[in-house]
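Grab your favourite viewer and work through these exercises at your own pace. Try each task before you read its solution.

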Amino acid sequence: MKTNKIPRCNSCNGKKDENRKLCVIGDGIYICSNCIDLLHNELHKDEISTLKKCDTAHNKFNIKTPSQIKAILDEHVIGQYEAKKVLAVAAYNHYKRINDTQIQLDDVVIEKSNILMIGPTGSGKTLLASTLAHALDVPFISVDATSYTSNGYIGKDVEDIIVSLYLSTNNDINQTEKGIIFIDEIDKITKKSTTNNLDVTGEAVQNVLLKLLEGDTIEIPKPNSDNSIKKETISINTKNILFICGGAFSGIEEYHNDDHKHHRYKNITSHDLFKYGFKHEFIGRLPMVTTLEKLNKEDLIEILIKPKNSIIKQYKKLLSMDNVELEFSKEAMELIADKALQRGIGARALRSIIDDLMIDIMYNAPDNNYGEKLIISEEDVLVNNPTV
């Protein structure tokens, strides 16, 4: 007698129902839609795992908008509004670029947004860069370009910059590869800055830095490796590290066209930078260029008062621990700003002036020599800082 056998999946023995379809793959051989899905996932599990990791990384890296980034910069840095906007947009685009690389939405390649900041000493270049890294919660280091030489000469190798960033992350490669590096005094590695025929700190260093700026895999020594001849190394890819270079660029106004001769930091072009001594390739790796203005007296007074971490706020907090309320008179702050301007190093002078002023006060405060309130007057500033 002939019976009608119910078709079942040859893999899981499941029969056809509303959640399961059966496909014929041979004579009397069936496989259900559920098993097909399982098989597909198994065959592509590496790709699926990668996509999940990328999606997790995308969600984990919380990119602030340019306006959010600028708002944080405003809390810590006075003035320089145009520079803040450039930094905020460049950083936003850079970290969107990292997420786009991780997700691989399409074949459009977004280039790096490395930044060049041009402005006088003490205008806030280093503070802007470090505050930007803090706002984005990424690793940060600041280095001086004049400390580095091309390989084989006395001085630090350029690759040591990556070593410093790696060590700052407690040896975390993933964090290192999305950090921010600020290279100060970049104007000191131009061809015109080389004082002898042996180009150690000029164009040769530009050539080595190019690898880092454009994105390359750098081999660095593994920390705590043994003393064997063959050292262990670690590979760090710099393609997602944001580089911010800064310098005072003294004399760059001489390379302006006639319309801007008297404005040192106005409308600087790539041609100006080339004439100043940078290679075209090097300029091309710093597509975002912004200029900072010289700080005036009003700016310096605001720096004393407004930033979250201003030097006066720091001393107020320190003295409050000794139950002393500290105040600075308006006249005292104006005089401090005047003296800082005379020193010609911008906001950097403020700290040294106030530190000198506060030494004796901090020495005597724990012994309760000032009562509950201490007001710093113009006379106090004159006594402690009679000359510049």
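## Warm-up: the whole chain

The chain has 15 helices and 13 strands, where helices (H or I, at least four residues) and strands (E, at least two) are DSSP runs numbered from the N terminus. This is a predicted model, so local features need pLDDT of at least 70 and side-chain atom pairs count only at pLDDT 80 or more, while totals for chains, interfaces and linings use all residues. Residues are numbered from 1 along each chain as its sequence is written, and side-chain values use heavy atoms, with hydrogens and water left out.

**Task 1.** Work out what share of the chain's residues count as buried, and what share of its contacts join residues at least 24 apart.

*Solution.* Start with burial, meaning under 20% relative accessible area (exposed is over 50%, partly exposed in between; 1.4 Å probe, protein chains only). By that cut-off, 40% of the 388 residues are buried. Next, take contacts (heavy atoms within 4.5 Å). Among those between residues at least 6 apart in sequence, 67% join residues at least 24 apart.

## The five-stranded sheet

**Task 2.** Find the strand order of the open sheet of five strands, then say which strands stand at the edges.

*Solution.* Step one is pairing: two strands pair if DSSP finds at least two bridges between them. Reading across, the order is β4-β7-β10-β3-β11, with parallel pairing. Step two: β4 (140-144) and β11 (288-291) each have a single partner strand, so one side of each is left without a neighbour in the sheet. Step three is the twist: neighbouring strands are turned by 20° against each other on average, direction ignored.

**Task 3.** Zoom in on β4: which residues lie on its covered face, and what is the bridge partner of S142 in β7?

*Solution.* I141 and V143 make up the covered face of β4, while F140, S142 and D144 are on the uncovered one. Now step over to β7, which runs parallel to β4 and is joined to it by five bridges. There, S142 is partnered by F182. Finally, look for the helix: α6 lies across β4, β7 (180-184) and β10, at about 150° to β4. Its buried residues (helix α6 spans 160-168) are I161, I162, V163, L165 and Y166.

## An antiparallel pair

**Task 4.** Sort the side chains of β9 (residues 233-237) by face.

*Solution.* The side chains alternate: I234 and I236 point to one face and are buried, whereas T233, S235 and N237 point to the other and are not. For the partner, turn to β8 (residues 217-221), which pairs with β9 in the antiparallel sense over five bridges. In that pairing, I218 is opposite I236.

## Two helix pairs

**Task 5.** Classify the crossings of α12 with α14 and of α11 with α13.

*Solution.* Axes are lines fitted to C-alpha atoms, for helices over the stretch in contact, and angles run from 0 to 180 degrees between N-to-C directions. Under 35 degrees counts as roughly parallel, over 145 as roughly antiparallel, 65 to 115 as roughly perpendicular, and the rest as oblique.

1. The axes of α12 (residues 311-320) and α14 (residues 348-364) come within 11 Å and cross at roughly 15°. That makes α12 roughly parallel to α14. Residues in the contact include I311 and Y315 of α12, along with I354 and M358 of α14.
2. For α11 (residues 297-305) and α13 (residues 330-343), the axes come within 9 Å and cross at roughly 120°. The two are therefore oblique to each other. Among the residues that meet here are L300 and L304 in α11 and A337 and L341 in α13.
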